[in-house]
Amino acid sequence: MEKKILFPQLGGLMHGGDYNPEQWLDRPDILKEDIRLMKEAGMNCATLGVFAWSTYEPREGEFHFEWLKDIMDRLYENGIYTILATPSGARPAWLDEKYPESMRVDSYGVRAHHGVRHNHCMSAPIYREKVSVIINKMIDEVGSHPGLLMWHISNEFGGECFCPHCVARFQNYLAEKFDHDIDKLNHDWWTVFWSHNYNDFSQIEPPYNNGESSIMGLNLEWKRFTTWSMNDYMKSEIAILRERTPEIPITTNFMKLYDGLDYRIMAKELDVISWDSYPRFHNDEESFSDTLAENAFDHAVMRSMKKNQPFMLMESAPGLVNWHGYNKMKRPGVHKLASLQAVALGSDTVQYFQWRKGRGSSEQYHGAVLDHLGTSNTRVFREVAEVGRDLKKLSDVCGTIIKSKVAVIFDWDTMWAIEDMRGMAQETKNYPKTCIATYRNLMELGVDVDVIACEDSFADYKVIVAPMLYMLKPQIADRLKSFVNDGGQLLATYVTGYVDENQLNFLGGFPGDGLKDLFGVISEELDTLYPADCNQVNFVDGLTGQVHDYAEVLRIADAETLGTYQDDYYAGTPAVTKKVYGKGNAYYVAARLDDAAMKHLFAQMLTNADVAMRRLPKGVECHTRQSDNQCYTFYLNCTQETQTVEDVHGTDLLTGTVINGVLTMDKYQVVVLA
Ligand code: GAL
């Protein structure tokens, strides 16, 4: 595959961040100093205009863009490109005063007051109109500026709106979806339960906090509608930009596994995926390498949405954030480690929130490249500048991608459905956590792992793990069967295939929709354990695994038993099975097993699939980016101790050190070999 360079103008990787000159227009000295210091930090891009609406348009119809043009000019003259945000992430006071319907209504039906951000009504026509006016003005003023690199739509879309207009749209959306047939909806939502049948779409209310919450199909469809509605809003902004500046790529910034929107749907509208990464570094609940492993998973989720091109790390904190429970500073060396982890996992950018700390309001204590002290002579600045130098050394990595033979399925609908399910144990459902642990266990075997949707193509993979795939949307079961039939290695777990896309249970045995034939098992009972309970699985090959939280009692149809439960009324019954299906293998793990046991199974699957594994010390990550004729391997020491990795040969692109056999890495060190 050829390299896919997102921004040829940069001649390498991007180093940038959110820059808010509108907060400093009365301080030309500071604005001048900003550019000098950006160059000193090795930055080649700045994200302007996020939340700048009231400076562009202080009163309705009165526009001021001179300052923006002036800053973009000066940045450009100094080799710094601009990512320009549309300002719809926060509204000026005049707009809410005159057009209150732009403000959201909450789940009690109460209209918000003016203030804060990310709280527009997605469907209010007047809001769309006002946004369209300001975006068109921006394009008139700077749309053909040579420094304009990319559009950044709004900021971190999120939240819900329960206003009458959105409710009406929801009802129309449902009518369309259920072919204008209310009986169809009643059937698919099982509304006869508790006498909840509807006579007409007009009776359907969204799940208000003080209203209907007992129809799983309704709750889920409201989530889907919110994605649809937000996407529809986002598309209204995109349409203007695409028509008037077709050559400028478009992104918006995502947030991890944000529970309110199915990013996979929004991703289709964007040219490039970007996201904001704020791990809770050095927390006291998990190991440092686990924090980084979760961050790696999040990067993989983002990368896998457009896996044939790099993604962007749009925001990360130099130093610290101000909104975690405890806001601990990144220890020396961690900034570089986290920044290069993003690059190792496929990002072609390292960007920050924020360039300079403001003097007031709610983010005045959020980390920034430049502190209130205002000089480059700080630890944080020096570490940022070092990343700038490292990114230059890695210029050739730009445009390469990760090619993975292994995927974990993570499904937004399943996340929503499991969260809402009135079953299992509220505290321990842990669907995302289980997917993250699966990813980490595979990564620790030295393979790169994609994190895909169940609708994505399986063609590139030899091994797929689908933890807790509770919901089987149409065709998914058939596609999984074909994957295995054609030689794939598939592993599924407890709570697979309980419900269809409307959350109606499959009849005739779980895993449903034909998957019981693929795995050769039927799950007859799901036992939920208390936190202090545990069971054990004894594998036929001698290994033992610990069981926590969930254990299904299986009925075997035609599968081989790999392990049985040790205790309780299901002692001696199968807990882990394998069935040969066509040219592949289908593994079923009926209980929540410890990491070592899961890794043992994954290693078996990788061996079956001929996927090479690497022996890595715990907490050392290894990722490989490649193109037709280039290949870069990143080693990241995500631990606080020195680590050694065997069988490493080459010259470190960051330090020039030649490694011939054993690679010794200091704590937090990153080594990149071509
Ligand atoms: C992001 C947001 C930024 C800033 C940052 C603070 O979620 O996009 O505007 O608020 O958080 O960490």
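In the predicted model, the second largest cavity has a volume of about 50 Å³. Its lining is formed by Pro 318, Gly 319, Lys 330, His 335, Arg 379, Val 380 and Glu 383. Helix 12, spanning residues 379-393, makes the greatest contribution to this lining, with 3 residues. Classified by side chain, the lining of the second largest cavity comprises 2 nonpolar, 2 polar and 3 charged residues.

In total, 6 cavities of 30 Å³ or more were counted. The largest cavity encloses about 90 Å³ of space. Residues lining the largest cavity are Ser 289, Asp 290, Ala 293, Arg 440, Met 443, Glu 444, Pro 617, Lys 618, Gly 619, Val 620, Glu 621 and Cys 638. At least two lining residues are supplied by each of helix 10 (288-305), helix 14 (431-443) and strand 21 (620-626), and the largest share, 3 residues, is that of helix 10. The lining of the largest cavity divides into 5 nonpolar, 2 polar and 5 charged residues.

Among the open spaces, the second largest pocket holds about 670 Å³. Of the 23 residues that line this pocket, Gln 23, Phe 51, Ser 361, Ser 362 and Glu 363 lie nearest its centre. Helix 2 (residues 53-56) gives the most to the lining of the second largest pocket, namely 3 residues. The class composition of this lining is 8 nonpolar, 10 polar and 5 charged residues.

The ligand is surrounded by Phe 51, Arg 117, Asn 155, Glu 156, Asn 253, Asp 276, Tyr 278, Glu 315, Trp 323, Phe 353, Glu 363 and His 366. This shell consists of 4 nonpolar, 3 polar and 5 charged residues. Phe 51 and Glu 363 belong to the ligand shell and are also listed among the residues nearest the centre of the second largest pocket. Polar side-chain atoms approach oxygen atoms of the ligand at 2.7 Å for Glu 315, 2.7 Å for Trp 323 and 2.6 Å for His 366. Of the 310 Å² of accessible area that the ligand has on its own, 95% is covered by the protein.

An open sheet of 9 strands follows the order 5-4-3-2-1-9-8-7-6, with parallel pairing. Strand 5 (250-251) and strand 6 (253-254) occupy the edges, each with a single partner strand, so one side of each is left without a neighbour in the sheet. Strand 7 (residues 274-276) pairs with strand 8 (residues 311-315) in the parallel sense over 3 bridges. Asp 276 stands opposite Glu 315 of strand 8, and both residues are part of the shell around the ligand.

Conventions. Residues are numbered from 1 along each chain as its sequence is written. This is a predicted model: local features need pLDDT of at least 70, side-chain atom pairs count only at pLDDT 80 or more; totals for chains, interfaces and linings use all residues. Side-chain values use heavy atoms; hydrogens and water are left out. On a 1 Å grid over the protein atoms alone, a cavity is a set of points where a 1.4 Å probe fits but cannot get out, and a pocket is an open set with protein on both sides within 12 Å along at least five of seven lines; lining residues have an atom within 4 Å of a point. Grid points are joined across faces, edges and corners, and a volume is the space filled by probe spheres set on the points. Helices (H or I, at least four residues) and strands (E, at least two) are DSSP runs, numbered from the N terminus. Ala, Val, Leu, Ile, Met, Phe, Trp, Tyr, Cys and Pro count as nonpolar, Asp, Glu, Lys and Arg as charged, and the others, Gly among them, as polar. A residue is near a molecule or strand if one of its heavy atoms lies within 4 Å of it. A polar contact is a pair of N or O atoms within 3.5 Å; within protein, one must be able to donate a hydrogen and the other to accept it, and residues adjacent in sequence count only if both atoms are side-chain atoms. Accessible areas come from the Shrake-Rupley method with a 1.4 Å probe; for residues, only the protein chains shown count as cover. Two strands pair if DSSP finds at least two bridges between them.
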